[in-house]
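Q: Could you walk me through reading a few features here, one at a time?

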Amino acid sequence: MPLAPVSVSTPTVSWPQDPTSPVSTALQLTALRPASLEARFGCGALTAARNSGDGVLLTTVVTGRLAETEGLQVRMADDATMTVTSNGTEVYRGAVPGGACGYLLQMDATSTRLLRDGQVLAETGGALPEVDLLATSVTTLPGATADDFGVSVQVDDQFSTSPTPVKWALTVVLVASSLACLGLLAARDRHRRGDRRQTAAGRQDEGSAAPAGRRWWRTLSVVDVAVVALMLLWLFIAPSTDDDGYYLAMARNSVINGYVGNYFQLFNQGYPPFSWYYQLFGYWDLLGSSPVFLRIPSMIAGLTTYGVSRAVVESVGLPPARTSLHRLVRHGVVVVVFAAAFLPYSMGVRPESISAVFAVLSLGAVVVARRRSSLAWYAGALVISGVGITCHPTGLVALAPWLLSIPAMWPLIRSTSVWRTLAVAAGVLGPAALCAVPGFLDGSLRDFTYSQEIYAQLWPQEDWYDEWLRYSFLLNDHIAMGSYAKRLTVLVGIVVFVWFAVLQLAAGGRRRRAFPPLVALTGWSFGLALLLLWPTPSKWTHHFGALAGLTTVFLSCVLLYGVRVVVATQRGRRSIVPATVLAGLSLVLVFALAMHGPNDWLYTWLLGMPHALEPPFVGVVSFDSPAVWLIVVTAVGVVTWLRLPRRRRSRARVVGAAFPAAVVVFLSVGLVYLVGSFSLATVHTWDTYSQQADALQDPLARNGGAEGAIYAADPRTATVLPLQDGAGATSSGFTSQGGYLPSSPPTRTADPEPTVWGSYPRLGAEANTGALTTGWYALPSSAPDLRLLVESSGRAGGDNSLVAEYGELSGGEVVALGSQDLDDGADSPFWRQRTLVPSPGADVVRLVAADGSNGPGGWLAFTAPMRAQMRPLIDVAPDGARTAVTWEMPFLFPAAHLPATVYGITEPVDWIFAYGKGALGGLDNESFYRGRAGLWYSTVRSSTLTQVITEVPGQPDLRTFSAYQVRNPYPDAAYDLDRDRTVRWGWEAP
């Protein structure tokens, strides 16, 4: 499948559409650089460029900024000298001859050539430019053709592939042969069972089955109903899981461009073979985009994980429950462990919830295989594991139970001859080839290898020996990846696994002293699954979510069966006091260590959250105190001792029952704190806004989610404050209606347009300094929906300053009442709205600015004071506006129209919603970073941004959000697009 031929997208852009009247256009290439570029231009076009004012015949990035060197420029100087520069390389500089001539510029990844009338003028290595736009200063070329002025851009869209008829045929053969293998194995199993019945001893060896003929619905209990209720509640009030927004954007865009790409960075590189889940989720998103609706697949996955986990626990050989109460307790233990393992990780868009399902399904299939001695079930378990792996790299954990069962599988495979043995082995392994269908039906080996090359170049991944980083993140007390809730089952699971291994090994091969074989399988599967996380290329703690099912089964089995093993192990042995002390101490310390994690959740604003960012506590009781848990464990031991009949009060029995009970108490406390804290946060924010309250009040997000709750100063409603008194205005070194970077002008939506002052004279002359004091502007009456503001650009801080002075106009004179420092510490040509907060009693304001920076970029620009209405952000950003929501937050902005990437071209952006605080907060995101090939680097390089004032009424603590209005220099899609495709073998580059 990875090698089969695929159809690869090879689109070509042709510009200008009319060479006689060129129209500049935005053309943001997702891969930043094209696959190749060819430009034709004649001497007539060069002459027109020379007469245009700035001499620019062709540019692929906005000129007048430092980043212009990253693009291609063809310029004409006043002395008729032409220069061609690209990606920091001067390709050619020389005089243009008089009369008619024709130039041809050919560029690809390995070479750049400039020819004039067929003669090579310059040739160099690869100097492909980055392309944000195709622009020219020439507006008319009478009678021109594409040979006189024309550009052809071969767009890099190589990850957009589709299966060819050959690949479809191969898929049909693969599916049919795999199903045939499974059918033959099932027939072989029936034949073996007919020839040789399993003995009663063999059945006992693998554990006893559930009562024959018992229907599944008869095993339901009240705790199962409680699980459903808990999952429904969590569907609404759960925090965002890590990277929810990232995966949502990937899935949503895959429906548009036909493949699952990284979207936010890394050239939108593809993800084969780990992509089928995102493709399916993209279609689910078409049905509804509210956070509640998008969580439904995870909720279904969670309920499936719970149901399968409980079924496996019931079938691995635990003694049957003697009473209804015992059965209820058993179910309750499974519920507590499952909820503690699943809820902190998997109620979101991330794929770990799906990996968890496949892992526990694989374990269940292996359990059935071992009980029935069935190779068909072993093969089925391998298929399940393979599909889980193609969902996400963490799906590797699903292989653990199958790998551990190879010794039990081998006697069933071994036959009378080597060839027959190999044939049976191939029949067991063969159906796993089915996994290549979801993994590579819409991808190829080239997609995978090139994707890894991009990773290696721009974002090197960790290796197996970096696995310690995952646990370093988990135990970090200052980041959300170390949250207390994420530590609960991981740390407890590791400690319990250690004691499980001690007890199992201490049995010395005596079955009466060991865990039943299938219970032991669950334990070793959990341990091996932790090891199988090592090969994953990233080390985030959210990957532990893939273990939710295996953790549920393992911990439940050990907690329920441990007392028997402890009692059996102690018989005839020396005192268990040392082991009891060590075990109790390990539990106490791990309980305290887990609860030392902060109450923090990635990219969640924690509005209304009690004890946010702190380790859990209630009153004076700190849950990260070892003393508290020592008291709890001791109390549980005392209660256990008192409740046991006297004849059964042995130390081993008390220890074997008390310690598992203490683990259940600990997990229950953590679970109650988790659900309770988010429930309280919902109540606290019911009348304002939080993600949880909004989900309950507006589950379908008809009001736009966070976009309807956040208010912004609408630039379209901005008006300049009236000038009350112009006396005292002074200016030195500042220019009126100028003095800012020409390629980044201020907003022009205020009516009338505000006066703008700036100290920027021209490129290279930033050493200019100066000072300015404006006249006094009248302050309006305060109103809750109005904001007073000033827009500033350049360097606001350091040797520069911008101050608002407030006063009271009395008898023709102004009495000073106070001042406000408007410096925001930013140094950027982008514009920032600054809120004016008048002193009490003030009715006038003026601005006092100073430019004391005499180095490059040390200029300052600002507008006259204005007022604007605060309106919901969903109304400020017009309908259809393309909004770049940084990867932390698309989950919270269901109404936002994310820019599409299709045919290797990214839609220009109209607005940016960024996760960050302060001046220009969020623009340090990878999405705007050239070193990560950020999707919107082209936006910050070539567009003009204005950071607008935002707030959530009643929620002053919401500071990690910034909104930017984007003004693009040129219209979109003023070019022709040829949507070509070509067929390539799976290993070939396009």
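Q: How many of the 23 residues of helix 20 are buried?
A: Keep in mind that this is a predicted model. For helix 20, 19 of the 23 residues are buried, so the rest of the structure largely encloses this helix.

Q: What span should helix 20 have, and how far apart are its end C-alpha atoms?
A: Start from the rise of 1.5 Å a residue: the 23 residues of helix 20 (residues 548-570) should span 33 Å. The end C-alpha atoms are 32 Å apart, which agrees.

Q: Where does helix 20 bend?
A: Look at Tyr561, where helix 20 bends by about 50°.

Q: Next, the cysteines. Which ones form a disulfide?
A: The thing to check is the gap between sulfur atoms, with a cut-off of 2.5 Å. The count comes to 1 disulfide. Its partners are Cys43 and Cys101, whose sulfur atoms are 1.5 Å apart. Turning to geometry, the link of Cys43 and Cys101 is right-handed, with 95° about the S-S bond.

Q: Which parts does that pair tie together?
A: Find each partner's element first. Cys43 lies in helix 1 (residues 43-50), while Cys101 sits in the loop between strand 9 (89-95) and strand 10 (102-108), so the pair ties together parts that are 58 residues apart in sequence.

Q: Is Cys43 buried or exposed, and what about Cys101?
A: Under 20% relative accessible area is what we call buried. Cys43 has 4%, so Cys43 is buried. Cys101 counts as buried too, at 12% relative accessibility.

Q: Why is there no bond between Cys181 and the closest cysteine sulfur?
A: Distance is the reason. The closest cysteine sulfur to that of Cys181 is in Cys435, and because it is 13 Å away, it is too far for a bond. Cys181 is partly exposed, with a relative accessible area of 24%. For Cys435, the closest cysteine sulfur is in Cys391, 12 Å away and so too far for a bond. Cys435 itself counts as buried, at 9% relative accessibility.

Q: On to the rings. How many aromatic pairs does the count come to?
A: The count comes to 52 aromatic pairs. One of them is Phe497 with Trp524, an edge-to-face pair at 5.8 Å centre to centre, with 85° between the planes. This pair links distant parts of the chain: Phe497 is in helix 18 (residues 484-506) and Trp524 in helix 19 (residues 517-532), 27 residues apart.

Q: Are those rings buried or exposed?
A: Take each ring on its own. Phe497 is buried, at a relative accessible area of 18%. Trp524, with 30%, is partly exposed.

Q: What does a tilted pair look like?
A: Try Phe500 and Phe515: the ring centres are 5.2 Å apart and the planes meet at 45°, so this pair is tilted. It also links distant parts of the chain, with Phe500 in helix 18 and Phe515 in the loop between helix 18 and helix 19, 15 residues apart. Phe500 is buried, with a relative accessible area of 1%, and Phe515 is buried as well, at 4%.

Q: Last one: which arginine lies over the face of Trp459?
A: Here you want the charge's position relative to the ring centre. Arg932 lies over the face of Trp459, at 4.3 Å from the ring centre. Arg470 lies over the face of Phe544, at 5.9 Å from that ring's centre.

How values were computed
Residues numbered from 1 in each chain as written. Predicted model: local features only at pLDDT ≥ 70, side-chain atom pairs only at ≥ 80, totals over all residues. Heavy atoms only, no water. Phe/Tyr/Trp six-rings, centres within 6.5 Å; stacked < 30°, edge-to-face > 60°. Helix = DSSP H or I, 4+ residues; strand = E, 2+ residues; numbered from the N terminus. Buried < 20%, exposed > 50% of the residue type's maximum accessible area, 1.4 Å probe, protein only. Lys NZ or Arg CZ within 6 Å of the ring centre and 35° of its normal. Expected span 1.5 Å × (residues − 1). Bend = angle between axes of the 7 residues up to and from the residue.
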